[in-house]
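This report describes one strand and its pairing partners, then turns to one helix residue.

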Amino acid sequence: MSLPLAVKFARRELRGGLRGFRIFLACLALGVAAIAAVGSIRASIEAGLAQEGAALLGGDAQMAFTYRFASNTERAWMQDASVRLSEIVDFRSMAVVDRDGQAERGLTQVKAVDDAYPLIGTPRLDPDMSLPDALAGADGLPGAVMERALIDRLGLSTGDTFRLGTQDFVLMAMLAHEPDGAADGFGLGPRTLVATRALDGSGLLAPGSLFSTKYRLDLPDGTDLATTADSARAQFEQTGMRWTDARNGAPGVALFVQRLGAFLILVGLSGLAVGGVGVSAAVRAYLADKTSVIATLRTLGADRATIFQTYFLQIGLLSLLGIAIGLALGGLVPVLLAPLITGRLPVPAVFTIYPAPLIEAGIYGLLTALIFTLWPLARTEEVRAATLFRDALSTTRLLPPLRYLLVIALGLAALVGLAAWFSGSARLTLWTTGGLIGALLLLAVAAFAIRALARLGTSAARGRPALRWALAAIAGPREGAGSVVLSLGLGLSVLAAVGQIDGNLRRAISGNLPDIAPSYFFIDIQKDQMPGFTKRLENDPAVSRIDSAPMLRGVITTINGKPAQEVAGDHWVVRGDRGITYAADLPARTRITAGEWWPPDYTGPPQISFAAEEAGELGLSLGDTLSVNIMGRDIAATITSFREVDFSTAGIGFVLTMNPGALAGAPHSFISTVYAKPEAEAQILRDLAGQFPNITAIRVRDAIDRVSNVLAGLAAATSWGAAATLLTGFLVLIGAAAAGESARTYEAAVLKTLGAARRRILLSFALRAAFLGIAAGLVALLAGIAGGWAVSTYVLETDFSIIWPSAITIVAGGVIATLLAGLGFAWGPLAARPAQVLRARE
Amino acid sequence: MTIPTLSLKQTSLSLNGNAGRVDILHDITLDVHRGETLGLIGPSGSGKSSLLMLMGGLEQSTGGQITALGHDLTAMDEDALARFRRDHMGVVFQSFHLIPTMTALENVATPLELAGVADAFDRAAAELDTVGLGHRAGHYPAQLSGGEQQRVALARASAPRPDILLADEPTGNLDETNGAAIMDLLFGLRDRHGATLVLVTHAPELAARCDRVITLRDGRIIDETAQEAAE
């Protein structure tokens, strides 16, 4: 019956207060707080999205179509189901301003609306006016409102005119807030809002043009959204209809928030692992101080179980305290900072205390505390009564007894399993866990290696006392080289990996492409415009290459007669509609990997040439039949060849190419990529836009910049997560430095007694800190680069090259941090008078 | 008249503790001459160790003057005191105070390195041989017994051939046999190098081996006895 006794002993020991446990509590609290805060913010946004679903969507439900308006049947169904209906047309175009005989052009995402828009919410305009008044226009011209970015780029003022296609508009106001903006997702240009009826003479919505339509439905009160959705999908999904409703008004945003939240929580878990190293070090230091107490208890007859329980209870109680502090911080800080966070979020959020993320963070905290404290706690069993007369450190075994190792392994498995379950991505969780364990192993080896090297170095450093003392201290039996290298190294590794991944992703998108990417994407080129379009470019010596292709959109509905998503799951090719083209001849720079391309004059049943890599992922074989719905019409076709398609060059790449006879009857436009010298780009745009006002030009560099901006936001969010990890690393470092302060004070006193001046002792301390910092930094560099390479290569599937500036900053940061922590805790030892220090030890 | 090796004039020491100011030593005046062995005795808390610490510049007096080999220790800053000890003093403590991260050899070599001695490690090894621990040179303090640790501490203190050896209850933590061995070594080293030795002790047999014995009580010298050193 050792437990009641252990409770008594534990209570007595805890009467001493929390001194020595500040870093322990801070590490655990910070790690748990970071995860709880990320989870709470995610829950707040999800609650906001759910609560404001209808407002975000601009209606109770939405039916969307690509390249077409709703058919009469679809329209009739919608009118029948709703009390109010609004039609929106969304497309890209060029806004053109004529000024001093020169035309200024800017890409814009046009939203053409009817009188019913918006069903929910109100756009905010500057100057303040109603949307109908704004769209009514002035001086006989229809009106438009624009986002500030485009107004600034085109140098427009309220009352100025601009052109979309062949239609002139008067700018009535700046669009300050678009109520359903979040539901529209990522656009390549700033928004322009016009009335649909004003586009009648613009030539922009010709058959085959690239546009999408969205029908917002105001449903009768009490309508069951699930039943209505099922009914709509059953009737119209096969014709390319996409359904969204207020239960998830901005699905893209919701998915993004969910995935980013999961990723940030995994980064937070890395922080908790770093904190775990600090927690472990703190427990070891505490138990080392308690060795004589334990030995005395053993002398008095306490058995091993009583001793273990005594300290397990103490550490357990302190862990609960640390976790509670973390949960309080992580739950309350987002609520307290709600006004600040809300202002910076593009989506609504409802900030309050959410139990689910706190429970998740609490479980992570408990398991981490168990995993990292059990090992040192197990060592209490090894303390024998004889330890009172012998140094405790010389008798401990490397590994704790097997039963403790098993419990640690079970705790780790539970942590990984729960993280995979909570994050919804087992793959990412396993990568993170593997990376962390790999980094910890590498760091443990590095800590061992630096001690071994220091041991060898002490002989070589004879005659240079400061250097020899530093090396001896690192090599010696008591120095916290292990915990410094592990904690700082792990924090820096996470930061280095994030830096490498971010840098490579940016480089993949913006760094490598200019050599191979086209200058412009031209869309909405009508078939009869193609000869004139091609002629302008073919005669220009600055143009090195033109690729053009017909462009249609279609949905793969069945594969070999079975629903496509049943066969291919959630693969992106079968998710929504895809670009489809046709060609009589095998296009230049295309290689057939299997099967045969159809003859140029082929007129038989429809055939498909499918992208080889995607076909492999979908499990498709030659001879398989696909049913593709294009413009509401199902076309059944047989796969007769596979071909290589490189989607990374930003050129034209289609997963599906069909023989001309299969698609030529469907209305469509052409797209074209133009590769030209940068200095010729502006003139090409002026000529083509002047000649063909309906054509939209997308400058690839601008599109890449826009994607890069989105990535910059992602990288910033990730960097905050990594910064929390690093902060934990610094805390652990400070803990290690503080834990070693008494040893250094003693050492400094003895060295002073032997005749060492303070400068020399300080130099020795600085060297010691610098060596450990360099070791941690170098290993972090290696682990970070390895982690970055692994994630870039296997998860993001981008090329990898080392981003040296980021890498070197990490190493330098590691050295400086260790040096600062080491020197920060050197003043006390240097200032102490030797006599006081030495007599305190008598 | 020769200059005393150590000279204290009206030296006092007060410390500020949690319980307020505590006067440790009052107006101590004494001289110690070259080659002399001075024993400091007295009950616990009488100020013996504090007096020794003042002599070694390890503690700063709050009044009076202390000179060693003609140098005013009270006028020196911390680093100057450290350098003075490096060049002229060796100190042995009751609790040995070896640096735990260094081997026995490295501990002994440290003051020699500080003094810039070229063959510091050879001399340290020879010094360890002298105290009978040549075979334990590579061992860390935690791997040595108390007696062995004190022998390393003795070797460390005597290795630079100091003019002054200060020993604070060097046998206080040792059994009788080890204590006797350490004292033999200490006096042997003193004899070999001709150093001035100041020794704090509770042991009458040790005090009996000193040239002169000063008794302290409540921070004051209450008795001073010159004696025929018993070998």
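In this predicted model, four bridges connect strand β3(B) with strand β8 of chain B, which spans residues 196-200, and the two run parallel. Within that pairing, Thr37(B) has Leu197(B) of β8(B) as its bridge partner. Strand β3(B) is also joined by four bridges to strand β9 of chain B, residues 212-217, again in a parallel arrangement. Here Ile41(B) is found opposite Thr215(B) of β9(B).

The two pairings of β3(B) are set out below.

| Partner strand | Residues | Bridges to β3(B) | Direction | Example pair |
|---|---|---|---|---|
| β8(B) | 196-200 | four | parallel | Thr37(B) and Leu197(B) |
| β9(B) | 212-217 | four | parallel | Ile41(B) and Thr215(B) |

Strand β3 of chain B comprises residues 37-41, and five of its five residues are buried. In a regular strand, side chains point alternately to the two faces of the sheet. For β3(B), both faces are covered: one side carries Thr37(B), Gly39(B) and Ile41(B), the other Leu38(B) and Leu40(B), and all of these are buried.

A separate site lies in chain A, where Gln314(A) is part of helix α10, residues 304-336. Is Gln314(A) buried or exposed? Gln314(A) counts as buried because it has 22 C-beta neighbours inside 10 Å, and the cut-off for a buried residue is 20 or more.

Leaving aside residues up to four places away in sequence, Gln314(A) touches Ala10(A), Glu13(A) and Leu14(A). Arg11(A) is 303 residues from Gln314(A) along the chain, yet their C-alpha atoms are 7.7 Å apart.

Note on methods
Residues numbered from 1 in each chain as written. Chains lettered and ligands numbered in written order. Predicted model: local features only at pLDDT ≥ 70, side-chain atom pairs only at ≥ 80, totals over all residues. Buried ≥ 20, exposed ≤ 12 C-beta atoms within 10 Å, placed from the backbone. Contact = placed C-beta atoms within 7 Å. Pairing = 2+ DSSP bridges.
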